[in-house]
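User: I'm new to reading protein structures and would like a close look at one part, the inside of the fold. Could you walk me through what is packed in there?

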Amino acid sequence: MKKKILIIDDDLDMCALLSSFLTRNNYEVEVSYSAVQGITKFKQSNFDIVISDFRLGDKDGKDVLLEIRAHNPNAIVLIITGYSDIKIAVEVIKLGAYDYITKPLIPDEVLSVLKNAVNKFNTNAEKQLNHPLKNSPLTDDKSFLTGHADSTRELYRQVEIVATTDYSIILYGESGTGKEVIAKKIHDLSHRKNKPFVAMDCGTLSKELAGSELFGHVKGAFTGAQSDKEGHFEMANEGTLFLDEVANLSYDIQASLLRVIQERKFKRVGGTKEISLDIRIIVASNENLQDAYRKGKFREDLYHRFNEFCIQLPPLRQRKEDIPLFANFFLKNTCAELNKEVKGFANDVIDMFVNYTWPGNLRECRNVIRRSVLLCNEEVITANLLPAEIILQYANKEYKHDNPVYTTADNNTNGSEVLTPVKKDVYLKDTAAKAEYEAIMKVLKEVNFNKTKAAIILNVDRKTLYNKIKNYEN
């Protein structure tokens, strides 16, 4: 069967020559003369290979590569570069391009690169056929995806370095940046991978129950202790214990924790038997623990016990190249979960995602995609399915840089129509409010106007939902 190739190049002569040459060599070829047109055509049809010039009029080859691979992570993309652009060629390879072809194009070289690409495509297809789960992004590890941004590559470089050790690690990062996911990945890459990984959210612990949750208790140790109970340390023995938001532990519990880490032994609350520990500890905090101990909120000696290695997780807004990849990743997982077939995102939605600040980071991104897929009845997710805050932030950004939107008004002396400028932020905010209203009403109808269920689906609290409904009614 002929392999189908999409050529994206704004040089018409180059497209004609390359298309003719490849057609003579038994390839099926289609051509697009701009990046936007090429990306759209790729999303609308099935292509085995994409050949794109790096220097295009409307976007560069890196943007083309990222959008194509966001839509289909298994796509094979070849980038055409000049001899002076070797640095660019290396960069696009790191971003996921299969290979590059240098100008001037030499027929034998083009065919050689294409032959290797076709072999790669056939190998991937065979693997998908024989091991569909193993080679699909929808594997058992559905919560993990690497990205391509510089900060992302540095993050995983550090993860790979420290994973093979038994160092204690502090993970710093804003809420939603995936600290537990990274902790689990470190565990999976370590020699403890076949032992337990136990995660504990220290922010939810009360002072009274913290000791029992961490170290366990024996029957009768306190009122309500009706049987023996293992603590998180005991459950994680020989494996990895992940303590999230560790700065929230009380000073007394910190002292108990220090003794356990130093001695590698502990007793259950109310117990007399010492239990030996062989455990790796990873802690996480969105507050700098060094600042915390300087303020007297965290024990300095405990900080130094944890701080054998430190990793900073970048917020999503600093990983713009990764946003389309994560959006596509969450889309596929959600479609599998809900048994829906949503193929992708409208172009303006991807623009909104890339320009949004994502204060909730990856967690917020995942929730936005899940909500949008739930509400979507079309082949692609459109802007009216997005939360208002994403649309409004994009609207405000657009108004600062773009021309006003105009509307017609019958307000001149001879009765003919003239164009009257309308502030774009007002225009887009009205559009956003309408989209939000439609989304809320759609969910309310689906749950028979049960506002509690609707609030859960829309990921807002009930009071916020009630206020929004009241505003619409007025």
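Analyst: **Inside the fold**

Let's start with one cysteine: Cys376 is buried, with a relative accessible area of 2%. Keep in mind that you're looking at a predicted model. You might wonder whether there are any sulfur bridges, but a search of the whole structure turns up zero disulfides. Cys376 takes part in none, and the nearest cysteine sulfur, which belongs to Cys335, sits 8.2 Å away. That gap rules out a bridge between these two because a disulfide needs sulfur atoms within 2.5 Å. Another cysteine, Cys202, has a relative accessibility of 1%, so it counts as buried too.

Now zoom out for a moment. The chain has 474 residues, and 44% of them are buried. Its secondary structure comes to 19 helices and 16 strands. If you take the contacts with a separation of 6 or more, 68% are between residues 24 or more positions apart.

Next, the packed middle. The largest nonpolar core has 41 residues, and the ones with the most contacts inside it are Phe345, Phe353, Trp358, Ile369, Ile381 and Leu386. Several helices give two or more residues to this core, including α14 (347-355), α15 (361-375), α16 (388-401) and α17 (424-446). The top contributor is α13, with seven residues.

Pick Ile369 as your viewpoint. Leaving out residues up to four places away in sequence, Ile369 touches Ala327, Phe330, Leu331, Thr334, Phe345 and Phe353. There's also another core, lying apart from the largest one, with 33 residues, among them Leu214, Ile279, Phe298 and Phe306.

Is the inside completely filled, then? Here's what the search for gaps says. Across the whole structure, one cavity of 30 Å³ or more shows up. The largest cavity holds about 100 Å³ of space. Its lining includes Lys43, Glu67, His71, Asn328, Lys343 and Ile350. Two or more lining residues come from each of α3 (61-71), α13 (323-338) and β13 (344-345). By class, the lining is a mix of five nonpolar, three polar and three charged residues.

A couple of names link these parts. Phe345 has a place among the residues with the most contacts in the largest core, and Phe345 also lines the largest cavity. Leu331 is in that lining as well, and Leu331 is one of the residues that Ile369 touches. Try finding Phe345 and Leu331 on the model, then follow the lining round from there.

Note on methods:
Residues numbered from 1 in each chain as written. Predicted model: local features only at pLDDT ≥ 70, side-chain atom pairs only at ≥ 80, totals over all residues. Heavy atoms only, no water. Buried < 20%, exposed > 50% of the residue type's maximum accessible area, 1.4 Å probe, protein only. 1 Å grid on protein atoms, 1.4 Å probe; cavity = no way out; pocket = protein on both sides within 12 Å on 5 of 7 lines; lining within 4 Å. Points joined across faces, edges and corners; volume = space filled by probe spheres on them. Helix = DSSP H or I, 4+ residues; strand = E, 2+ residues; numbered from the N terminus. Nonpolar A, V, L, I, M, F, W, Y, C, P; charged D, E, K, R; others polar. Core = buried A, V, L, I, M, F, W, Y, C linked by side-chain atoms within 4.5 Å. Contact = heavy atoms within 4.5 Å.
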